[in-house]
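Reader: I have a model open on my screen and would love a guided close look at one part of it. Could you walk me through it, and then show me what lies around it?

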Amino acid sequence: MIPITSMKGKRVAVFGLGGSGLVTAEALVAGGAEVIAWDDNEAARAAAEAREIQVTDWRGTEFGAYSALVLAPGVPLTHPEPHWSVKIAREAGVEIIGDICLFARERKFRMPSAPFVAITGTNGKSTTTALIHHILKSAGKDVEIGGNFGPAVLGLKDLAPDRFYVIECSSFQIDLSPGIDPTVGIQLNLTEDHIDRHGTIEGYAAVKEKLVEGAKVAVVGIDDALSTAMATRRESKGLETLRISTRGSVAQGVWAVSGRIIEPMGLSQTVVYDLHGHPILKGVHNAQNVAAAVAATRRLGLGLEQVRTGIETFPGLAHRMEPIGRSGSVILVNDSKATNADAAAKALASYDNIYWIAGGKPKSGGIGPLSGFFPKIAKAYLIGVAAEDFAATIDGAAPHAVVETLDRAVVEALTDALAATEATGGEAVVLLSPACASYDQFKNFEVRGDHFRELVLTDPRVKPFQEKA
């Protein structure tokens, strides 16, 4: 745990007592703050009381006596409308912050030399976070990982001068982190997302930009216009900015071309790593993730061989283009994390001859934006609430079947893929990349992905991916 000693002796309200909220309350208490916590959910309040956290409904009390309201990131701050706790705090002139902000302030207060890498972006931030952590760890560094990915940030090991903190930050968390000042701040990319919480894409972008505004060094992807504008604004202020691109070279930063990650070296350039043949880091989107990780870790002082070793040995993440098994010339891939069309596009772009399992609880836009990939689909197996709508979209462009459940989809997709590859001698991929939320049939995308893994690895035709066929 990281005790928040910078709030010692102050009264702090905590709203939202899920996993991160409970850790936040305990970290504040450990640092000497007086914590008054609340949650609209009775079970969450009971869980907090069981951990000896003071739970009191502060509505109707004098809220001006509080130094801060620490809000869980899932609680609406502005849109669709501020939560009641936010309204009370604003009326009393009380600052509203989150756990990432508490971490950043504690680091500045007590251990400013501890390297802090903060990563955000619409897509790829978890892979980039995990890759940076892995590269640093493989280089022998003392490194912690958490935030939006992994443990709550305040549940990590306490601050130490040479301990690295690699923290994924969602837009919700950044919105609650005024003045965040990482050693390296990474903004990967930006596409339309979370508009219900930020109002417009411009509002969403403005929140993301807060992370790089206060960074000592910013690593900014320039493959989209809004992120490019962030890089330009930083550069105009004379602030150190490393650009990353998959579309062209950069003077300061790292770029990727045809799977090769390239770093400028004075008037020359060095190929840091060639991703061809890497079993995990496939596709242009992963080239962007690797470019960001290279820029960050090189700026943190790692040598080329240390970075190369870290990339080479990166095991990947569960549910993110994760190879699960193989059967003959067929590979089965778990991309359950692809909960929208934009995320599914990354996987569809990375493979050919795809037996595609898609569907679930649909998001706005459906799979229409994926039509350019339909020629790569040998057959689609459509599940869940979205199945009929997806069938109508794909009809005439690729073979498809409405199979309703993941269990049926896996069996039928593998059977068809094996028959086709045995007849032609080619290769194929059975790809779970749903382009949908999971909530119609599964608790979350992790449960959906775990069920896919179980189905694959209990099929007698399949060997684990790591084993030779």
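Reader: To begin with, where does Arg 320 lie?

Author: Happy to take you there, with the reminder that this is a predicted model. Arg 320 sits in the loop between H11 and strand S14, which spans 322-327. This arginine is buried, yet it has no salt bridge. Glu 446 is the nearest side chain of opposite charge, and it is 6.0 Å away. A salt bridge would need a side-chain nitrogen within 4 Å of a carboxyl oxygen. So what is Arg 320 in contact with? Leaving aside neighbours within four places in sequence, the list is Ser 126, Thr 127, Asn 334, Asp 335, Lys 337 and Phe 445.

From that loop, step back to the sheet on which H11 packs. Nine strands make up this open sheet, in the order S6-S7-S5-S8-S9-S10-S11-S12-S13, with mixed pairing. At its edges stand S6 (142-147) and S13 (268-274); each has a single partner strand, so one side of each is left without a neighbour in the sheet. From one strand to the next, the twist averages 20 degrees.

Further in, S8 (residues 184-187) and S9 (residues 217-221) run parallel and are joined by four bridges. One pair to look for is Ile 186 with its bridge partner in S9, Val 219. Helix H9 (residues 225-236) packs on the sheet here, touching S8, S9 and S10 (241-245), and its direction makes about 155 degrees with that of S10. Helix H11 (residues 304-312), for its part, touches S12 (260-265) and S13, and its direction makes about 30 degrees with that of S13.

Now look at S7 (residues 163-168), where six of six residues are buried. In a regular strand, side chains alternate between the two faces of the sheet. Here Arg 163, Tyr 165 and Ile 167 point one way, while Phe 164, Val 166 and Glu 168 point the other way. S7 pairs in the parallel sense with S6 over six bridges, and also in the parallel sense with S5 (residues 116-120) over four bridges. Tyr 165 makes a handy landmark: it is the bridge partner of Glu 144 and of Phe 116.

There is another open sheet to visit, made of four strands in the order S2-S1-S3-S4 with parallel pairing. Its edge strands are S2 (34-38) and S4 (95-97), each pairing on one side only. The twist in this sheet averages 25 degrees from one strand to the next. S1 (residues 11-15) pairs with S2 over five bridges, and Val 12 has Val 35 as its bridge partner in S2. Helix H1 (residues 19-30) packs on this sheet, touching S1, S2 and S3 (68-71), with its direction at about 170 degrees to that of S1. Helix H3 (residues 84-92) touches S1, S2, S3 and S4, and its direction makes about 160 degrees with that of S3.

Finally, the nonpolar interior. The largest nonpolar core has 69 residues, of which Leu 28, Trp 58, Phe 63, Leu 69, Leu 71 and Leu 154 touch the most other members. Not counting residues up to four places away in sequence, the contacts of Leu 69 include Phe 15, Trp 58, Phe 63, Val 86 and Ile 96. A second, separate core has 39 residues, among them Ile 119, Leu 242, Tyr 273 and Val 307.

Methods. Residues numbered from 1 in each chain as written. Predicted model: local features only at pLDDT ≥ 70, side-chain atom pairs only at ≥ 80, totals over all residues. Heavy atoms only, no water. Pairing = 2+ DSSP bridges. Helix = DSSP H or I, 4+ residues; strand = E, 2+ residues; numbered from the N terminus. Axes fitted to C-alpha atoms, helices over the stretch in contact; angles between N-to-C directions. Contact = heavy atoms within 4.5 Å. Core = buried A, V, L, I, M, F, W, Y, C linked by side-chain atoms within 4.5 Å. Buried < 20%, exposed > 50% of the residue type's maximum accessible area, 1.4 Å probe, protein only. Lys, Arg positive; Asp, Glu negative; His and termini not counted.
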